[in-house]
Amino acid sequence: MLETDLAPLPSGRPPADGEVAAGPILEMRAITKRFPGVVALRDVNLTVSLGEIHAICGENGAGKSTLMKVLSGVHPAGSYEGQIVFDGHEARFHSINDSERLGIVIIHQELALSPFLSIAENIFLGNERLSQSRLIDWNRTNAEAAALMRRVGLHENPTTPINQIGVGKQQLVEIAKALSKEVKLLILDEPTAALNDTDSAHLLDLMRQLQAQGITCIMISHKLGEIMASADTTTVLRDGQTIETLDMSDPQATQERLIRGMVGRDLEARFPPRQAVIGREVLRVEDWTVHHPTQPGRVIVDHASLNVRAGEVVGIAGLMGAGRTELAMSLFGQSYGRDISGRVFKDGQEVELKTVADAIGHGLAYVSEDRKRYGLNLLATISDNITAAGLGKLMSKLGWINGNEQLKVAEEYRAKLNIRTPSVLYNVNKLSGGNQQKCVLSKWLFTGPDVLILDEPTRGIDVGAKFEIYSLINQLAAEGKAVIVISSELPEIIGLCDRVYTLSFGRITGQVSADQATQESLMERMTEEKETLR
Amino acid sequence: MSQSTVPAPAVAAASTRQGLGRYFLDNLRTNGILLAFGVVVVVFAAINSSFLSPANLTNLVLQYSYVLILAIGMLMVIVLAQIDLSVGSVIALTGAVAAVLVARQGFPWWVAVLGALLVGLLVGAWQGFWVAVVGIPGFIVSLGGMLIFRGLAQLTLNYISLGPFGGTYYKIANGFLNGLLGGHGRDVFTLVVFGLAAVGFAFAQWRSRQGQLKYGQEVAPLPVFIGQIVLVAVLAMAFAWQISTYRGLPVILILLAVLIMVYGLVMSKTAFGRHIYAIGGNVAAARLSGVKVKWVTFWCFVNMGFLSAVAGVVYSSRMNAAQPAAGNGFELDAIAACFIGGASTTGGIGRIGGAMVGGLIMAVMSNGMQLMGVSQGIQPVVKGGILLLAVAFDLFNKRRAAGGQ
């Protein structure tokens, strides 16, 4: 059965002489998508011109991903209302294969690569290069892969296994894979969420190059700075509806306007104001050195020393691979690394934190950068997750957990952190990223910590929830807790912290007061290499 | 903390959801398995009038008790996202040790029981060491264990069946508490025990409901709540009524009830139990939440060894002999019981009660088919089909639940 119905419309190809990109390559008209009990998209219109970079922004749950699922055929034709016109033809996709056949390729936030296969095999996975005898033609596979890799600026051996290259390069492999399918419309879902600034810049650059080759890009992003820098047009979604589509060359199209469109309100400032009241020193780390867990002799954290005081928010700024997470996790009960040396003082007393239980016992809490992998039990309820690290507080003298008390605690945190859910007995995987993050924070607040280490606390969550988390951090500091924020977003570090440490190649390369820090000065120290230190 | 912090939204939610049908649908996952069990029982009762006879019901309990005991421990291991394939062999080994102590060495019965349990604990510690400390997946460790302990059982028994036990040991799985309160052809003691149990159950449920209401939580509508308790009580008393005319209350039923209650509480109300769910759900997150993953894993396997030994004692007592081939394939019955009872194949989800109902469904199917005289080859085919259907139903349910997103 032919699954793609093509209406006999005139060809939508652009004029060959390269004049101003003529018509739209994609029109989604009046798309409405209903799920049982919810209208995820209501009458959404999206028009993408040929050869442009079109950003789609909106808070989590605004319907961006659903819209892309409709476009790519994950939600098949018939399951939604409205019309999709692609390349001049009405398109009715019944599966991802249908849309890919016409050159629509979507790259998801969570990369879909097979870790033990080579780069080349991943590029041609499901689309293998075969010889006459129907066996895989390895020479052709690797040669064609190498050509595609050159196009995306990936300088690796095509036979290198995927798990041996970093996330930034993996993203490039995904794009090479899309190119191998002769992509016309490339959809990138949060492409830079997991990338550091260098890799992000490279990726955005690449999108420009692809644009020059006639490939249209749709980019879903939370990072407004990126949108401002890269997009030609931006469509803002809110609550399943199109709010507006902005031509980014228009001077009216400012970051503030995007935020206003996304949240439906003006954010006074992106960072809530705070009056710091800084007290005595709570945590001091001296000469902290950590080695790689499986590569002996490789130093990951190199004689790092830092301290944090009550009521203070201290930032650790570093690029990916600088050892930020490794520093935090090794402090948190030696959850990372081996041959760890150095001294830790809590409230002036030297302490040994050999296990996570020790760390929790001494009032430390660590909120991981990867909440789905390290923060939450996605199979369990919100209530179970919130109380997971503090079960001891819910036990009777005989060791029985009071289930009612557990729910009460969960309800308290739901109210306090404004976790948006009908019930704390819902599974945590039903929540949006921002609300999941609030659950992780609740879990750690329930342990009653003195020192909170927050690793990328606002990664992958929307503007509104970010503001709530910033407010919460301020509130915790006001309560006298010591807060360490690890972030690769420099505006966040500067806007939030009192004092900033820069970390580069495992070494603390500087310490500045946040009111004197600029993004440029921090970046300079974050990229300071070892040689120049000596 | 003051009572005034009782949250209002939950109370509101409780009042908006009153329809009984809606309530049933919301709990389809739990109710579905009970419904399936009910259907199986009704079908077999309709086909064969002797299915619900006192003798057959008693037989059913005696015949499948050891699989249910295994399923308790297996559920914990499965929720942990592990598996134990060695339990059948451990049944043979522990039964063999008991038989050697009683039948060959002439020790009293309790020495044999303690000896068997000790061997079970050692086996569990052995496997727990390899899984928790060394880090080999339970599948591999217990696959090795399956071979090792089967071989050790054969060596212990010199490749022959050893028995009889006789005496008290025999009565563990074949004894009845009977006639303690008299009665004419109907054991009053059995009825009293079941009556007390039903009252206790109703009281515990009521207390739990009151507690939930006090905390402003959503509870089942009152008619549903009362209906559930009445239904359970009626079914339990009907069961008691039937078995009381035969030989009274099987000792093994008391043991099983105690185990189910104790382990049910462990899983739902202790930090150890909750940590098992946390590890099965996301081991990395559990570790970073201060859960002692190795420790919990180790003790889950020790416990599995212990319960295998209990099942080994029960089985050898029931057979009145230890056999080199005892328990062959029991691990599969126990694992199937867990999955039919709603445990997730990837860990993190599963309940003791579910596993028990899953085990009972298989027990009723086997027993019913035996009564009907269904040929030996058909029975495993049907069982396998049931397993697939049950897990498929579970997947369907999960997708239905996820469809709301």
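Start inside chain A of this predicted model: select domain 1 and domain 3, which bury about 950 Å² between them, with carbon and sulfur atoms giving 57% of that area. For your selection, domain 1 covers 1-103 + 184-265 and domain 3 covers 275-363 + 449-534. Show the residues in contact and you should get 12 from domain 1 and 10 from domain 3.

Want polar links to draw across this boundary? The rule finds 0 salt bridges between domain 1 and domain 3 of chain A. Polar contacts come out at 0 residue pairs too, counting pairs with both residues at pLDDT 80 or more. Now highlight helix H8 (residues 255-263) of chain A: this helix gives 3 residues, the largest share of the domain 1 side that touches domain 3. Color that domain 1 side by class and you'll see 5 nonpolar, 3 polar and 4 charged residues.

While you're on chain A, give the remaining domains their own colors: domain 2 is 111-182, and domain 4 is 376-448.

Next, bring chain B into view. How much area is buried between chain A and chain B? About 2800 Å², and 58% of it comes from carbon and sulfur atoms. Put A:Leu379, A:Asn404 and A:Lys408 in sticks: together they supply 20% of what chain A buries against chain B, more than any other three residues. To see the whole contact, select 37 residues on chain A and 35 residues on chain B.

Then zoom in on A:Asp384. Which residue of chain B does A:Asp384 pair with in a salt bridge? The partner is B:Arg274, and the closest N and O atoms of the two are 3.1 Å apart. That's the 1 salt bridge the rule finds across the interface of chain A and chain B. If you switch on polar contacts between the two chains, look for 7 residue pairs, with both residues at pLDDT 80 or more.

Switch to cartoon and pick out the helices on the chain A side. Helix H10 (356-361), helix H11 (371-375), helix H13 (403-417) and helix H14 (433-446) each supply at least two residues of the side that touches chain B. Which of chain A's elements gives the largest share of that side? H13(A) does, with 7 residues.

Last stop: color the side of chain A that touches chain B by residue class. You'll get 20 nonpolar, 7 polar and 10 charged residues.

Methods:
Residues are numbered from 1 along each chain as its sequence is written. Chains are lettered from A and ligands numbered from 1 in the order in which they are written. This is a predicted model: local features need pLDDT of at least 70, side-chain atom pairs count only at pLDDT 80 or more; totals for chains, interfaces and linings use all residues. Side-chain values use heavy atoms; hydrogens and water are left out. Contact means heavy atoms within 4.5 Å. Buried area is the accessible area (1.4 Å probe) that two parts lose on being put together, summed over both. A salt bridge is a side-chain nitrogen of Lys or Arg within 4 Å of a carboxyl oxygen of Asp or Glu. A polar contact is a pair of N or O atoms within 3.5 Å; within protein, one must be able to donate a hydrogen and the other to accept it, and residues adjacent in sequence count only if both atoms are side-chain atoms. Helices (H or I, at least four residues) and strands (E, at least two) are DSSP runs, numbered from the N terminus. Ala, Val, Leu, Ile, Met, Phe, Trp, Tyr, Cys and Pro count as nonpolar, Asp, Glu, Lys and Arg as charged, and the others, Gly among them, as polar. Domain bounds come from an automatic or database domain assignment.
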